[in-house]
Amino acid sequence: MAKITLDNLAHSYLPNPQSEEEFALKELNHDWVDGEAYALLGASGCGKSTLLNIISGLLIPSQGRVLFDGRDVTTSPTAERNIAQVFQFPVVYDTMSVRENLAFPLKNRGMDAAEIKRRVQKVAAMIDMEAQLDHKARGLTADAKQKISLGRGMVREDVNALLFDEPLTVIDPHMKWELRTQLKKLHQDFGHTMIYVTHDQTEALTFADKVVVMYDGRVVQIGTPQELFERPAHTFVGYFIGSPGMNLFDAEVDGSSARVGDTVIPLDGHFITAGHTQLGVRPEFVRLTSGEEGIPASIKRVEDVGRHKIIRLDVAGREVNAVAAEGEAIAADATRIVFAPEGINVYADDWRIAPRGTSA
Ligand code: ADP
Ligand code: MG
């Protein structure tokens, strides 16, 4: 296991990049703490695989260094990094049996037969393929082949890190949950440094201790699921995480109050802003009221989604969402919305501003 350091790292697929836009991965400095489980979350094309492939050595970055426990491995081949990587689509040897496929990374390292047998059996149970161990990989479904790929990634206990690049994409939905649980258990048992790439927030939030959110080639926030929910560092995090995502309101902020349209909203703390200023308020912190205070709003519809209701509102021609608990009554005569003060975040040019005198 290792601490992985990214030092001034950046990557462009072009030979002579001229501007920041030409970098698939913008400059990044980060330590992946030894033994933590991370999710790397972001929309398709934001640079997740690029970053993962630089860590694994499939790609040499155009700028900066990768260190494993302080040792520079930037140009070392994958084999020397002692990591396991599982990709989106299966990589299996068709002519080998399931057992031989799973044993391959161990045999390669000259492990003794009894130990190989033990590990293979254990991993086969984790991926629910004990009954097919002696079947040839050829002829198995894509789903089963991907489980073998996952098993091969999990079979070694001595790796520096385990990297997963959207490994459950081709897996059947109910099996996804099962495999994710197994991966989590593997992490608890062995404490490997794990990086799990996904574009699915549920997967990221249930798997990881820390979620690394990427947007347009940039890491915009690294935090616990709770931090991403309560204090999104960038409007993208607010919008991408949560369902529905965070509401944004153009605002003029003056110290400890904001003006949205004609409504003055008190803020928790004192803010100094410049640029395009917005208030971000998650639907969970929006309340409907029939009083005189608040921003004028009208209810368009109410969606019952099991444990809570989503209220779709029209605010000056734009959609705003509120969430109400299952048993909570929704005032049909509500004409305005108000915000819980602790649920208001202030943004300037998409980045969150902390209230003055705090670092939160
Ligand atoms: P993600 O894994 O988040 O979907 P990628 O890291 O694959 O994103 O891609 C990031 C950006 O780099 C995208 O704009 C993609 O088109 C581009 N890109 C990825 N691989 C290559 C490549 N081999 N050559 C040129 N551009 C690439
Ligand atoms: Mg990718």
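Student: How do the residues of the lining of the second largest pocket divide into nonpolar, polar and charged?

Tutor: This is a predicted model, so keep that in mind throughout. The lining of that second pocket has 9 nonpolar, 5 polar and 4 charged residues.

Student: What makes it a pocket rather than a cavity?

Tutor: A pocket is an open set of points, whereas in a cavity a 1.4 Å probe fits but cannot get out. The second largest pocket is in the open class, with about 310 Å³ of space. Of its 18 lining residues, Leu-248, Phe-249, Val-315, Arg-318 and Val-320 are closest to the centre. Strands E11 (247-250), E16 (295-296) and E19 (318-325) each give two or more residues to that lining.

Student: What about the largest pocket: how much space lies in it?

Tutor: About 590 Å³. It is lined by 20 residues, and Thr-78, Ile-83, Ala-84, Gln-85 and Arg-152 sit closest to its centre.

Student: Which element gives the largest share of the lining of the largest pocket?

Tutor: That's E6, with 4 residues. At least two residues each come from helix H2 (78-81), strand E6 (83-86), helix H3 (98-107) and helix H5 (142-154). By class, the lining has 11 nonpolar, 6 polar and 3 charged residues.

Student: Then how many cavities of 30 Å³ or more are there?

Tutor: The count comes to 1. Its space is about 60 Å³, which clears the 30 Å³ bar. Lining this cavity are Arg-119, Lys-122, Val-123, Met-126, Met-154, Val-155, Glu-157, Leu-186 and Phe-190. Two or more of the lining residues come from each of helix H4 (113-126) and helix H6 (173-190). H4 gives the largest share, 4 residues.

Student: How do the residues lining the largest cavity divide by class?

Tutor: There are 6 nonpolar, no polar and 3 charged. Arg-119, Lys-122 and Glu-157 are in that lining, and they go in the charged class because Arg, Lys and Glu count as charged.

Student: Over to ligand 1. Which residues are around it?

Tutor: Tyr-13, Ala-24, Ala-43, Ser-44, Gly-45, Cys-46, Gly-47, Lys-48, Ser-49 and Thr-50. The shell splits into 4 nonpolar, 5 polar and 1 charged.

Student: Why does Tyr-13 count as having a polar contact with ligand 1?

Tutor: A nitrogen atom of ligand 1 is 3.4 Å from a side-chain N or O atom of Tyr-13. The cut-off is 3.5 Å, so the pair qualifies. The backbone joins in elsewhere: a polar backbone atom of Gly-45 is 2.6 Å from a ligand oxygen, and a backbone N or O atom of Cys-46 is 3.2 Å from an oxygen of ligand 1. The protein covers 53% of the 560 Å² of accessible area that ligand 1 has on its own.

Student: What does UniProt say about residues 4-241?

Tutor: The unreviewed entry places "domain: ABC transporter" there. Over that stretch the chain is 37% helix and 24% strand, with its end C-alpha atoms 26 Å apart.

Student: What makes the bond between Ser-243 and Pro-244 stand out?

Tutor: It's a cis peptide bond, with omega of about -5 degrees. Set that against the general rule: most peptide bonds are trans. Pro-244 lies in the loop between helix H9 (235-240) and E11.

Student: And what is notable about phi of Ala-316?

Tutor: Phi of Ala-316 is near 50 degrees, a positive value in a residue other than glycine. Most residues other than glycine have a negative phi. Ala-316 sits in the loop between strand E18 (308-315) and E19.

Key
Residues are numbered from 1 along each chain as its sequence is written. Chains are lettered from A and ligands numbered from 1 in the order in which they are written. This is a predicted model: local features need pLDDT of at least 70, side-chain atom pairs count only at pLDDT 80 or more; totals for chains, interfaces and linings use all residues. Side-chain values use heavy atoms; hydrogens and water are left out. A residue is near a molecule or strand if one of its heavy atoms lies within 4 Å of it. A polar contact is a pair of N or O atoms within 3.5 Å; within protein, one must be able to donate a hydrogen and the other to accept it, and residues adjacent in sequence count only if both atoms are side-chain atoms. Accessible areas come from the Shrake-Rupley method with a 1.4 Å probe; for residues, only the protein chains shown count as cover. On a 1 Å grid over the protein atoms alone, a cavity is a set of points where a 1.4 Å probe fits but cannot get out, and a pocket is an open set with protein on both sides within 12 Å along at least five of seven lines; lining residues have an atom within 4 Å of a point. Grid points are joined across faces, edges and corners, and a volume is the space filled by probe spheres set on the points. UniProt positions are given in the numbering used here, feature names are shortened, and annotations may be inferred rather than shown by experiment.
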